Amino acid sequence: MAEEAILGYLANNEVIGDSGEFAAKHGLNHDEVVNVIKSLHGFRYVEAQDIKRESWVLTDEGKLYADTGSPEAQLFLAIPPEGGIPREELQIKLGPLLFKIGCAQAAKNRWVDMGGQQVTRRVQHVDDRVKDLLLKIKEGQVVDQDDIKALKARKLIVPQTWKGYSLKKGPDYAPQRKKFAADLTREMLQSGDWKNVEFKEYNFNAKGQPIEAGHLHPLNKVRHQLRMIFLQMGFEEMPTDRYVESSFWNFDALFQPQQHPARDSHDTFYLKVPSTTKELPEDYVERVKCVHESGGYGSRGYEYDWSREEANKNLLRTHTTAVSARMLYNLAQDTLKKPFTPKRYFSIDRVFRNEAVDRTHLAEFHQIEGVICDRGLTLGDLIGVLHDFFSRLGMSKLRFKPAYNPYTEPSMEIFSYHEGFGKWVEVGNSGMFRPEMLLPMGLPEDVRVIAWGLSLERPTMILYGYNNIRDLFGHKVDLGLIKTNPICRLGL
């Protein structure tokens with residue numbers, strides 16, 4: 001009906017000046033008229049121009065006061081003309097909220113005296129101007145701007161925008177919409193009707209339905225690029241499928257003392273079932289115990305009673321260095337059967353720490369680790385490898401700061417200058433594994449191991465502009481962003 005009314009009206013008139021007035025005059029729903037106008041405009045039957053009108057409408061509170069009067073007027077009328085009324089009785093009579101608002105506004109208008117325990121009138125008669133203004137706005141009458149500001153400040157009115165259209169005939173106007181055929185059917189061919197039928201134009205620029213497909217997470221994209229860098233540098237990937245490790249491989253084999261704070265339950269997730277491991281190389285365990293208790297290989301050790309029960313505890317690995325320790329131990333066992341062969345290992349996988357969750361920390365994250373094992377390696381070799389590795393990530397300016405790790409000496413924190421931030425940013429940690437860690441494994445005395453590590457999340461957050469790690473990893477991730485994030489190009 002709306003389409004017929006619009007096209008029919010334009011057949012005898014040049015314009016429809018206001019779609020709202022047109023809908024009211026013809027008894028039509030304005031929302032339905034708007035939808036029809038959009039359709040007719042799309043097919044160029046009409047040309048439409050937007051109309052916007054600003055108006056004010058009453059809030060629920062404003063509607064209430066328009067019916068019952070403003071709080072200050074209700075409070076004034078509740079006070080007896082002679083004498084007064086106790087504050088507590090007046091509050092019970094009006095209610096706490098109405099009493100609070102009424103007192104403030106009536107005192108401001110100097111209608112009442114709030115002194116002492118009695119509330120009394122200061123005038124004998126008042127005009128409820130607020131109610132009068134609300135009724136005017138409700139009826140669509142013009143109200144002074146100062147009054148509008150006052151009512152808006154009291155949240156009794158809110159602005160409302162009305163949207164409509166003015167219309168005139170379009171280039172393809174017709175009193176009745178033509179029906180275009182979308183398909184050429186067999187019946188049309190058989191009857192010959194296709195000769196007189198107008199077909200809908202094909203839109204060759206229209207895009208098809210998007211293909212549903214999987215999408216790589218930003219972490220996986222950066223991980224793949226880092227993996228390719230390690231492989232290009234001749235590294236071999238370590239198996240990292242052991243999320244559950246024993247305290248022995250996670251801590252003791254790395255010459256980390258059993259009283260170290262990192263081994264406390266508030267920093268590490270320990271398993272209840274199975275709580276302990278039963279598979280440890282006994283001869284190697286004995287050598288680790290000795291170096292912890294009494295030292296060796298030029299070290300005094302930690303001089304404490306080493307506990308096998310503590311070493312047997314199962315936990316969620318706190319770093320992938322536990323995997324590196326296993327790989328180096330296996331390499332040492334191979335040297336008993338054949339000559340030592342230098343190795344380059346790397347790993348990129350998940351680790352777990354009992355940390356407070358915030359915008360930069362999670363209880364689980366991914367660690368990147370590189371390890372080189374060869375004869376006669378020095379700190380200079382480590383620095384050279386770090387420059388090579390990080391330059392492939394696009395970080396050419398590096399600085400190193402001395403640090404402490406229980407299982408590396410010397411140890412260094414790695415800093416890179418970030419052009420976007422305009423400052424030096426910590427990007428990783430590094431060092432040379434201590435003899436107290438390597439020699440009990442059975443590696444030759446002249447073999448040295450250099451290593452470094454960093455998180456996967458930090459460079460990913462910088463590359464993709466994330467400020468909160470919970471937007472990148474975890475249950476709060478926006479799947480829409482996963483579908484639209486760009487490819488990863490490290491070092492470009």
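**Exercise 1. Helix 4 and helix 8**

Task: In this predicted model, describe how the axes of helix 4 and helix 8 are placed and which residues meet.

Solution.
Step 1. Locate the two helices: helix 4 covers residues 60–68 and helix 8 covers residues 129–138.
Step 2. Take the geometry of the axes. They come within 8 Å and cross at roughly 115 degrees.
Step 3. Classify the angle. Angles of 65 to 115 degrees count as roughly perpendicular, so helix 4 is roughly perpendicular to helix 8.
Step 4. Give the handedness: helix 4 passes helix 8 in a left-handed crossing.
Step 5. List the residues that meet. Helix 4 brings Gly62, Tyr65, Ala66 and Asp67, and helix 8 brings Lys131, Leu134, Leu135 and Lys138.
Step 6. Sort the residues of this contact: four are nonpolar, one is polar and three are charged.

**Exercise 2. The loop after helix 4**

Task: State where Ser70 is found, whether Ser70 is buried or exposed, and which residues Ser70 touches.

Solution.
Step 1. Ser70 is in the loop between helix 4 and helix 5, the latter being residues 71–78.
Step 2. The relative accessible area of Ser70 is 0%. Buried means under 20%, so Ser70 is buried.
Step 3. Leaving aside residues up to four places away in sequence, Ser70 touches Tyr65, Asp128 and Val130. Tyr65 also belongs to the residues of helix 4 that meet helix 8.

**Exercise 3. Helix 6 and helix 7**

Task: Classify the angle between helix 6 and helix 7 and describe their contact.

Solution.
Step 1. Helix 6 is made of residues 87–94 and helix 7 of residues 96–108.
Step 2. Their axes lie 6 Å apart, and the packing angle is about 120 degrees.
Step 3. The roughly perpendicular class runs from 65 to 115 degrees and the roughly antiparallel class starts over 145. Helix 6 is therefore oblique to helix 7.
Step 4. The crossing of helix 6 past helix 7 is right-handed.
Step 5. On the side of helix 6, the contact is made by Arg87, Leu90, Gln91 and Leu94; on the side of helix 7, by Pro96, Leu98 and Phe99.
Step 6. By type, the residues of this contact are five nonpolar, one polar and one charged.

**Exercise 4. Salt bridges**

Task: How many salt bridges does the structure hold? Describe the pairs of Arg308 with Glu282, Glu364 with Arg350 and Glu303 with Arg300.

Solution.
Step 1. Recall the principle: side chains of opposite charge can pair when their charged atoms come close.
Step 2. The count is 19 salt bridges.
Step 3. Arg308 and Glu282 form one of them, with 2.9 Å from N to O. Arg308 is in helix 14 (residues 308–312) and Glu282 in helix 13 (residues 282–293), so this pair ties together parts that are 26 residues apart in sequence. Arg308 has 26% relative accessibility and counts as partly exposed; Glu282, at 47%, also counts as partly exposed.
Step 4. Glu364 and Arg350 meet in a salt bridge of 3.1 Å, N to O. The pair links strand 11 (residues 364–375), which holds Glu364, to strand 10 (residues 343–352), which holds Arg350; the two residues are 14 residues apart. Glu364 is partly exposed at 28%, and Arg350 is partly exposed at 25%.
Step 5. Between Glu303 and Arg300 the closest N and O atoms are 3.8 Å apart. Glu303 and Arg300 are both exposed.

**Exercise 5. Backbone angles**

Task: Which peptide bonds to Pro274 and Pro410 are found here, cis or trans, and what is the sign of phi in Phe255 and Tyr297?

Solution.
Step 1. Recall the usual case: most residues other than glycine have a negative phi, and most peptide bonds are trans.
Step 2. The bond from Val273 to Pro274 is cis, with omega near -15 degrees. Pro274 is in the loop between helix 12 (247–250) and helix 13.
Step 3. The bond joining Glu409 and Pro410 is cis as well, with omega about 0 degrees. Pro410 is part of strand 13 (residues 408–418).
Step 4. Phe255 has a positive phi of about 60 degrees. Phe255 sits in the loop between helix 12 and helix 13 and is buried, at 2% relative accessible area.
Step 5. Tyr297 has a positive phi near 55 degrees. Tyr297 is in the loop between helix 13 and helix 14 and counts as partly exposed at 42% relative accessibility.

Note on methods
Residues are numbered from 1 along each chain as its sequence is written. This is a predicted model: local features need pLDDT of at least 70, side-chain atom pairs count only at pLDDT 80 or more; totals for chains, interfaces and linings use all residues. Side-chain values use heavy atoms; hydrogens and water are left out. A salt bridge is a side-chain nitrogen of Lys or Arg within 4 Å of a carboxyl oxygen of Asp or Glu. Helices (H or I, at least four residues) and strands (E, at least two) are DSSP runs, numbered from the N terminus. Buried means under 20% relative accessible area, exposed over 50%, partly exposed in between (1.4 Å probe, protein chains only). Axes are lines fitted to C-alpha atoms, for helices over the stretch in contact, and angles run from 0 to 180 degrees between N-to-C directions. Angles under 35 degrees count as roughly parallel, over 145 as roughly antiparallel, 65 to 115 as roughly perpendicular and the rest as oblique. A crossing is left-handed if the near helix is turned anticlockwise from the far one by less than a right angle, and right-handed if clockwise. Contact means heavy atoms within 4.5 Å. Ala, Val, Leu, Ile, Met, Phe, Trp, Tyr, Cys and Pro count as nonpolar, Asp, Glu, Lys and Arg as charged, and the others, Gly among them, as polar.
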